[in-house]
Amino acid sequence: MRYRESADLDTSSVQDRRGRGGLGGGRGLAVGGGGLGLVGVVVLVLFQLLGGGDGGTSAALGGLSGLGQGETADNTQLEQQCRTGADANESVECAVVADIESIQDYWGQVLRGRYQPTETVFFQDSVQTGCGGASSGSGPFYCPADQGVYIDLTFFDQLQTQFGAEGGLFVNAYVIAHEYAHHVQNLLGTNQQVTPGVTGPLSGTVRLELQADCYAGAWANHAETVPDDSGAPLIAEITEDDIARALDAAGRIGDDFIQRDLGGGTVDQDAFSHGTSEQRQRWFTTGYQTGDPGQCDTFATDDLG
């Protein structure tokens, strides 16, 4: 994966809280793992409870919820380091900045007049959110209450060291695109089709996650043509190897793989919250091959793969 060297990066959609964390009170409810939760994390999709009955579209959009006690946000270093696409080609954090910009530009086109941009918080170890306190152990996640995406960037290393994924810049982009897909679902009210806390192979929880994978694939299909503010694509190239690496990662974050290979060795379908490895690969591929979010309606079929 390569970014256009001369592209100007916009860090305004990132809030850098790294090194300044601290679990706070909040509502005490968090969306754990947001699609890529770690072993032992039970992911409860609480969009209806946290996002409101209207899908959260009436939430204040002036920024994320207030910082927790002892938390501060300082983008100074990020702004200095992440100026151009050349920086994105050399730095993981700058690449994520570029990914966020491309993903939001894409959804702004697809949902013209309906998409509402949101921020990503970079944190370290723990963070306070509108859904309550969360830790790095939750993996990347989306909080409907403040419509924010949260990530400890060390998760990308963990994908390789703990999950055995090949990794790479495009794998990281897939992770971010999946989380922003949850934001799209929240804006569209798709979460209203999900009963909070219910798991299983055909549950709404699984359908929501597989749709997010499909939406991520749809963005990937268009990523090389989505224009930034200059009118030129920010992402210059996504290779077949990048796609293969994303599918490899999807295969290592399926419920069955995590339970069997990283958990106790027993696969319990009743506990499925994200779908199997094969399903996650299938729905990402559906989005990528068609480039059409309309083909991502996992709620309209019982053939999830």
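**Core packing and disulfide links**

Phenylalanine 170 touches Met1, Trp219, Ala220, Ile238, Asp242, Ile243, Ala246 and Phe284, leaving aside residues up to four places away in sequence. This contact list, like everything that follows, comes from a predicted model. The setting of Phe170 is the largest nonpolar core, a group of 65 residues in which Phe170 and Trp219 touch the most other members. Several elements build this core: α4 (92–110), β7 (148–151), α5 (155–161), α6 (169–188), α7 (204–222), α8 (240–251) and α10 (277–290) each supply at least two residues. Helix α6 gives the most, with eleven residues. Another core lies apart from this one; it has ten residues, including Leu64, Val127, Phe141 and Cys143. Such grouping is familiar, as nonpolar side chains in soluble globular proteins tend to be buried together.

We can now turn to the cysteines. A search of the whole structure finds three disulfides, and with bonded cysteines counted along the chain, their pattern is 1-2, 3-4, 5-6.

One of these disulfides is formed by cysteine 82 and cysteine 94, with their sulfur atoms 2.0 Å apart. The torsion about this S-S bond is about -80°, so the disulfide is left-handed. Cysteine 82 sits in the loop between α2 (76–81) and α3 (85–90), while cysteine 94 belongs to helix α4; the two are twelve residues apart. Both cysteine 82 and cysteine 94 are buried.

Cysteine 131 and cysteine 143 make a further disulfide, again with a sulfur separation of 2.0 Å. Here the torsion about the S-S bond is about 100°, so the link is right-handed. Because cysteine 131 lies in the loop between β4 (126–129) and β5 (132–135) and cysteine 143 in strand β6 (residues 141–143), the pair ties together parts that are twelve residues apart in sequence. Cysteine 131 counts as buried because its relative accessibility is 0%, and cysteine 143 is likewise buried, at 0% relative accessibility. Cys143 is also among the members of the ten-residue core described above.

The remaining link joins cysteine 214 to cysteine 296, at an S to S distance of 2.1 Å. With -70° about the S-S bond, the link of cysteine 214 and cysteine 296 is left-handed. Cysteine 214 is part of helix α7 and cysteine 296 falls in the segment after α10, so this disulfide ties together parts that are 82 residues apart in sequence. Both of these cysteines, 214 and 296, are buried. Helices α7 and α10 also appear among the elements that each supply at least two residues to the largest nonpolar core.

Conventions: Residues numbered from 1 in each chain as written. Predicted model: local features only at pLDDT ≥ 70, side-chain atom pairs only at ≥ 80, totals over all residues. Heavy atoms only, no water. Core = buried A, V, L, I, M, F, W, Y, C linked by side-chain atoms within 4.5 Å. Buried < 20%, exposed > 50% of the residue type's maximum accessible area, 1.4 Å probe, protein only. Helix = DSSP H or I, 4+ residues; strand = E, 2+ residues; numbered from the N terminus. Contact = heavy atoms within 4.5 Å. Disulfide = S-S within 2.5 Å.
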